[in-house]
Amino acid sequence: MGKYRCSSICKKQIVAITGLLLVLFLIMHLAGNLLIYKGPEAINGYSQTLHSLGGLLWVARIGLLAVFLTHIIFTILVVIENRKARPTPYEGGASYKQRSLATRLMPYTGTILLAYIISHLLDFTIVSKGGSATFINGQNFGLYGRIVNEFGELDAVLWYVIAMGAIGFHLAHGIQSVMQSFGWNHPVYTPLVKKMSVLVGTGIAVAFASIPIYIWLVIS
């Protein structure tokens, strides 16, 4: 049992499972964020509902953080094991060229996502929800006002869109790799799963990215 817990296959499966949990969180988070299109009352009501959970919200946050850290740690462990097993770099070789673009970009998209998550937490979770950042034309709009003011600046919009692009590439590879991690390969279904991964990754990225673009072009 101890040997299995430390095996390379098990590490990959942990990465896969935690990755799927993070995808589910992204979908739920996206559903809440899209309420911005319905106006201040909808998005502020969503925020109030979450905060009314009190201690349960913090339990969820801590659980999400644990899943996220586990995903990062075991991903690093898998990368280290892979490099030890293949000490000679293969960049530029045939096997490197056969890998998809999303796969080759995983280290970079992962780094971008980590940087974005830190900045996102600083902007919307750790900081105070009040103050001048919530005001629009002298009126306090709560979370809606903070979001609109945040994406009233082009640099914030571009940073968000880049991060969402990274999410799209990351998911395009991550979802399909779940099947490989558990040894699920099928001549018919595996190609379909790969296509679904690209569609899901692209859909989530575009939906998220549409929010700051809409705010910058229409509301601000």
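This is a short dialogue on reading confidence, helix packing and burial in a predicted model.

Student: What are the ground rules for this model?

Tutor: The model is predicted: local features need pLDDT of at least 70, side-chain atom pairs count only at pLDDT 80 or more, and totals for chains, interfaces and linings use all residues. Residues are numbered from 1 along each chain as its sequence is written, and side-chain values use heavy atoms, with hydrogens and water left out.

Student: Which elements have the lowest and the highest mean pLDDT?

Tutor: pLDDT is the predictor's confidence in each residue, from 0 to 100. Helices are DSSP runs (H or I, at least four residues), numbered from the N terminus. Helix α5 (residues 94–98) has the lowest mean, 48, and helix α3 (residues 40–51) the highest, 93. Residues 90–96 have pLDDT below 50, and this stretch has 6 contacts in the model beyond near neighbours in sequence. Contact means heavy atoms within 4.5 Å. The protein averages 83, and 86% of the residues score at least 70.

Student: How do I read the crossing of α2 and α9?

Tutor: Fit axes to C-alpha atoms, for helices over the stretch in contact; angles run from 0 to 180 degrees between N-to-C directions. Under 35 degrees is roughly parallel, over 145 roughly antiparallel, 65 to 115 roughly perpendicular, and the rest oblique. Helix α2 (residues 8–33) and helix α9 (residues 154–181) cross at roughly 135 degrees, with axes coming within 9 Å. So α2 is oblique to α9. Their crossing is left-handed (the near helix is turned anticlockwise from the far one by less than a right angle; clockwise would be right-handed). Among the contact residues are Leu20 and Val23 of α2 and Ile167 and Leu171 of α9.

Student: At what angle do α2 and α4 pack?

Tutor: About 145 degrees, with the axes of α2 and helix α4 (residues 55–85) 8 Å apart. This crossing is also left-handed. Residues that meet include Leu22 and Phe25 in α2, and Phe74 and Leu77 in α4.

Student: Is His170 buried or exposed?

Tutor: Buried means under 20% relative accessible area, exposed over 50%, partly exposed in between (1.4 Å probe, protein chains only). His170 lies in helix α9. It counts as buried because its relative accessibility is 18%. Leaving aside neighbours within four places in sequence, His170 contacts Met106, Thr109, Gly110 and Leu113.

Student: Where is Thr111, and how does it score?

Tutor: Thr111 sits in helix α7 (residues 106–126). At 54% relative accessibility, Thr111 counts as exposed. Its C-alpha atom is 9.8 Å from that of Ala163, 52 residues apart along the chain.

How values were computed:
Helices (H or I, at least four residues) and strands (E, at least two) are DSSP runs, numbered from the N terminus.
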